[in-house]
Amino acid sequence: MKQFKYVEVVDNIQISKQGIFQLVINDTQSILPGQFYNLYIDDKSFLLPRPVSVSESTQNLTKFVYRVVGKGTEKLAQLKTGNKIKVLGPLGNGFSLPDYKAPSIVIGGGVGIAPLLELTKQIKGEKYVYLGFDESPFLVDEFTKYSTNFYCSTMSGKDGFHGNVIELLKNYPMEAKFVYACGPKKMLERLVQEMKTKAVKIQVSMEERMGCGIGACLGCAIKIKKSDQEEWKYLRVCKDGPVFDGSEVIWNE
């Protein structure tokens, strides 16, 4: 069972004008791409942790990318180098990767691109990366370090392709055996629909609001229908996911 612990903040900097920060902690856990940590705010007025996906893991450091969207993440953004933060992790089930080389597509939208960095690093074989942003791209240098097949879009048109990431994929199509994705639910739903006619296996990391982050509160349950089962059932994003087979997610409810 995972244990709470206090770890040192190595860095915590803003990497995009759209309120995107990168937090680096001194931790040596073995990480599967797609897993997350519960980050706890040192303020008794915040009862629940902030679940944040791991963006990259090295031998001594674990990195997170998060967006400041409320008072909790505002508190996270105030952490300084040398501060201590209470964490629990890694949590959840990450992406499942084959142990052989095969062409793969990695596609992400917004802050959902964060867990795809460690994934891109670990994929064997040719990989095609498609990332979509509202206006200001981030982590571009990091992604291009692990893949030269890199495509970027912005809704503003200021950088890369003008449009969303699904339109980007349609304009620069590539054949692949595996597809890995993370981003807004509507983006993932459209992507799964686009891939239905192709013989590819698609895994999606779901972005749902979590309460406890450990499967106790059932606040992040989604409907899943396994291909070998007649009935759908609720599964917890934090405990059973956050990564699921995209073809098994019931999207229209």
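**Figure 1. A mostly nonpolar lining: the second largest cavity of this predicted model.** Six nonpolar residues, two charged ones and no polar ones make up the lining here. Look for Ile105, Met174, Ala176, Val179, Met195 and Val200, along with Glu175 and Lys198. The space they enclose comes to about 40 Å³.

**Figure 2. The largest cavity has a mixed lining.** Its volume is about 60 Å³, and a search of the whole structure turns up three cavities of 30 Å³ or more. The lining splits into three nonpolar, four polar and three charged residues. Around the space sit Ser16, Gln18, Ile20, Arg67 and Gly110, together with Phe133, Asp134, Glu135, Ser136 and Phe138.

**Figure 3. Helix α2, residues 115-122, tucked into the rest of the structure.** Six of its eight residues are buried, so α2 is largely enclosed by what surrounds it. The buried ones are Pro115, Leu116, Leu117, Glu118, Leu119 and Thr120; yes, a glutamate is on that list. Which elements do the covering of the buried residues of α2? They include the strands β4 (50-57), β7 (104-109), β8 (127-133) and β11 (178-182), plus helix α3 (140-146).

**Figure 4. Inside the largest nonpolar core, a group of 35 residues.** Five members touch the most other members: Ile107, Tyr130, Leu191, Val204 and Met206. Helix α5 (residues 185-195) supplies the largest share of this core, with five residues. Apart from this core lies another one, of 24 residues, which includes Ala114, Leu116, Cys152 and Val243. Leu116 also turns up among the buried residues of α2.

**Figure 5. Val204 and its contacts from elsewhere in the sequence.** Leave out the neighbours within four places in sequence, and what does valine 204 contact? The partners are Ala181, Leu188, Val192, Pro242, Val243, Phe244, Gly246, Val249 and Trp251. One of them, Val243, belongs to the 24-residue core, while Val204 itself is in the 35-residue core.

**Figure 6. Stepping back to the whole chain, with five helices and 15 strands.** The radius of gyration is 18 Å, close to the 18 Å that the globule rule gives for 253 residues, so the chain is as compact as a globular protein of that length. Along its principal axes, the C-alpha trace spans about 50 × 45 × 35 Å. Of the 253 residues, 49% count as buried. Among contacts between residues at least 6 apart in sequence, 59% join residues at least 24 apart.

Notes: Residues are numbered from 1 along each chain as its sequence is written. This is a predicted model: local features need pLDDT of at least 70, side-chain atom pairs count only at pLDDT 80 or more; totals for chains, interfaces and linings use all residues. Side-chain values use heavy atoms; hydrogens and water are left out. On a 1 Å grid over the protein atoms alone, a cavity is a set of points where a 1.4 Å probe fits but cannot get out, and a pocket is an open set with protein on both sides within 12 Å along at least five of seven lines; lining residues have an atom within 4 Å of a point. Grid points are joined across faces, edges and corners, and a volume is the space filled by probe spheres set on the points. Ala, Val, Leu, Ile, Met, Phe, Trp, Tyr, Cys and Pro count as nonpolar, Asp, Glu, Lys and Arg as charged, and the others, Gly among them, as polar. Buried means under 20% relative accessible area, exposed over 50%, partly exposed in between (1.4 Å probe, protein chains only). Helices (H or I, at least four residues) and strands (E, at least two) are DSSP runs, numbered from the N terminus. Contact means heavy atoms within 4.5 Å. A nonpolar core is a set of buried Ala, Val, Leu, Ile, Met, Phe, Trp, Tyr and Cys residues joined through side-chain atoms within 4.5 Å. The radius of gyration is taken over C-alpha atoms; the globule rule is 2.2 Å times the number of residues to the power 0.38.
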